[in-house]
Amino acid sequence: MSDIQTSLWMFTVVLRRFQNKWKSYRHRFVPWVVFNLSKNEKTLRKVTERSKDKLVPDEEVSRSLLALFRALFRKHGFHQRQFQTPFMLQLTSEAEQVGGDPVCGQDAMLQTLGFCIERKPSTLSFAGTGVFVTKGFVPKGATVAMYPGTVYQPYEPILLQSIRNPFVFRCIDGILVDGNDKGISRMVFKSCSGRDRIGPYLTSDTSWLTDTPHNPLAVGQYVNNCSYERPANVCYQEYDLPDKFPIELRQYLPNVNYSQGTQRRLRCVVLVSLRDISAGEELFSNYYTIVH
């Protein structure tokens with residue numbers, strides 16, 4: 001084989017690998033999504049400002065998260081008895097009254113929210129991992145998942161973390177959430193999470209970086225974008241954590257600010273169901289476009 005033939009063969013191999021990688025990558029690559037979804041208006045949700053992106057009130061999102069987190073605490077929180085607060089005493093008392101073995105994360109989700117979601121191979125060709133409803137029933141307007149990751153303000157650096165990273169979510173106001181669970185992104189999240197610990201209390205959860213997250217909702221970064229053939233059944237909704245959110249339950253939040261001195265409330269992004277969703281269905285999200 002001549003040098004020219006060898007070079008052509010190597011180029012063909014590299015090109016095929018790139019094409020296969022791109023077919024998977026493009027389903028979460030924001031510029032590709034926005035450009036292609038604009039061709040089909042049914043896949044876009046238009047909003048004029050951040051306050052208009054709310055399909056359900058923030059109070060309803062808080063109620064769902066608190067119900068799940070309380071159940072998770074009854075499973076994981078007993079080892080923190082030496083740091084008991086009135087709120088923790090109340091939760092442990094509830095657990096003792098209920099009795100029985102502590103439930104796992106999936107059981108807690110089924111009991112409190114009425115459904116379970118899990119990561120599985122997507123039904124989309126080359127899309128890799130997707131998220132499915134595996135048990136129960138999701139009613140319209142339910143908080144179905146959370147988008148985990150490090151939260152960057154518009155002025156904060158994210159260049160290195162964003163390279164070949166299909167998991168960077170851009171909020172309406174320019175805030176970014178890096179939901180990548182590998183590489184530099186993984187190290188940044190773990191570092192920021194350890195930094196923000198308040199005494200004995202964790203203020204974020206690093207278990208979403210593993211295959212078994214304590215908070216079973218923290219898989220939203222693996223929800224694939226919709227297409228003309230696969231319409232959206234969930235959408236993104238931005239949610240700022242209320243100041244009154246119990247510190248004891250923040251250990252289940254899959255988000256952390258990049259900078260310790262950030263003054264604003266922690267930005268979270270949840271996925272809310274656009275319609276009733278039955279067990280066995282894969283979740284597909286739409287992307288909003290800002291209309292001025």
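Is Leu160 buried or exposed? Select Leu160 and look: this residue is exposed, because its relative accessible area is 59% and anything over 50% counts as exposed. Keep in mind as you go that the model on your screen is predicted.

**Stop 1: the patch around Leu160**

Leu160 sits in helix 6. Now add Leu159, Ile163, Ile184 and Met187 to your selection; together with Leu160, these residues make a nonpolar patch on the surface. Their combined accessible area is about 560 Å². Colour helix 6 (159-162) and helix 7 (183-195), and you'll see where the patch comes from: each of these helices supplies at least two of its residues.

**Stop 2: zoom out**

Show the whole chain as a cartoon. You have seven helices and 13 strands to explore. Of the 292 residues in the chain, 48% are buried. Switch on the surface if you like: the accessible surface comes to about 14800 Å², and carbon and sulfur atoms account for 57% of that. How far apart in sequence are the residues that touch? Among contacts between residues at least 6 apart, 75% join residues at least 24 apart.

**Stop 3: a four-stranded sheet**

Stay with helix 7 for a moment, then bring in the strands beside that helix. Four strands make an open sheet here, in the order 6-7-5-10, with mixed pairing. Strand 6 (168-170) and strand 10 (255-257) are the edges, each pairing on one side only. On average, neighbouring strands in this sheet are turned by 25° against each other, ignoring direction. Helix 7 packs on this sheet, where helix 7 touches strand 5, strand 7 and strand 10. Its direction makes about 75° with that of strand 10.

Now pick out strand 5 (residues 149-152) and strand 7 (residues 176-178). The two pair in the antiparallel sense, over three bridges. Click on Thr150 in your viewer and look across to strand 7: which residue stands opposite? That's Asp178.

**Stop 4: a three-stranded sheet**

Next, select strands 2, 3 and 12. These three form another open sheet, in the order 2-3-12, and the pairing is antiparallel. The edges are strand 2 (115-121) and strand 12 (277-278), with each pairing on one side only. Strand 3 (residues 129-138) is joined to strand 12 by two bridges. Find Phe137 and you'll see Ser278 of strand 12 opposite.

Add helix 5 (residues 105-113) to the view. Helix 5 lies across strand 2 and strand 3, and runs at about 135° to strand 2.

**Stop 5: Phe115 and Thr143**

Click on Phe115, in strand 2. Phe115 is buried, because its relative accessible area is 1% and the cut-off for buried is under 20%. Phe115 and Phe137 are 22 residues apart along the chain, and 5.4 Å separates their C-alpha atoms. Show the neighbours of Phe115 beyond four places in sequence: they include Met109, Leu110, Phe137 and Thr143.

Finish by hopping over to Thr143, which belongs to strand 4 (residues 143-147). At 3% relative accessibility, Thr143 is buried too. What does Thr143 touch, leaving out residues up to four places away in sequence? Highlight Val61, Ser64, Leu65, Leu113, Phe115, Leu217, Val270 and Leu271 to see its contacts.

Key: Residues numbered from 1 in each chain as written. Predicted model: local features only at pLDDT ≥ 70, side-chain atom pairs only at ≥ 80, totals over all residues. Heavy atoms only, no water. Patch = residues over 30% accessible without salt bridge, like charges linked within 9 Å, V, L, I, M, F, W, Y side chains within 5 Å. Areas by Shrake-Rupley, 256 points an atom, 1.4 Å probe, with all protein chains shown as cover. Salt bridge = Lys/Arg side-chain N within 4 Å of Asp/Glu carboxyl O. Buried < 20%, exposed > 50% of the residue type's maximum accessible area, 1.4 Å probe, protein only. Pairing = 2+ DSSP bridges. Contact = heavy atoms within 4.5 Å. Axes fitted to C-alpha atoms, helices over the stretch in contact; angles between N-to-C directions.
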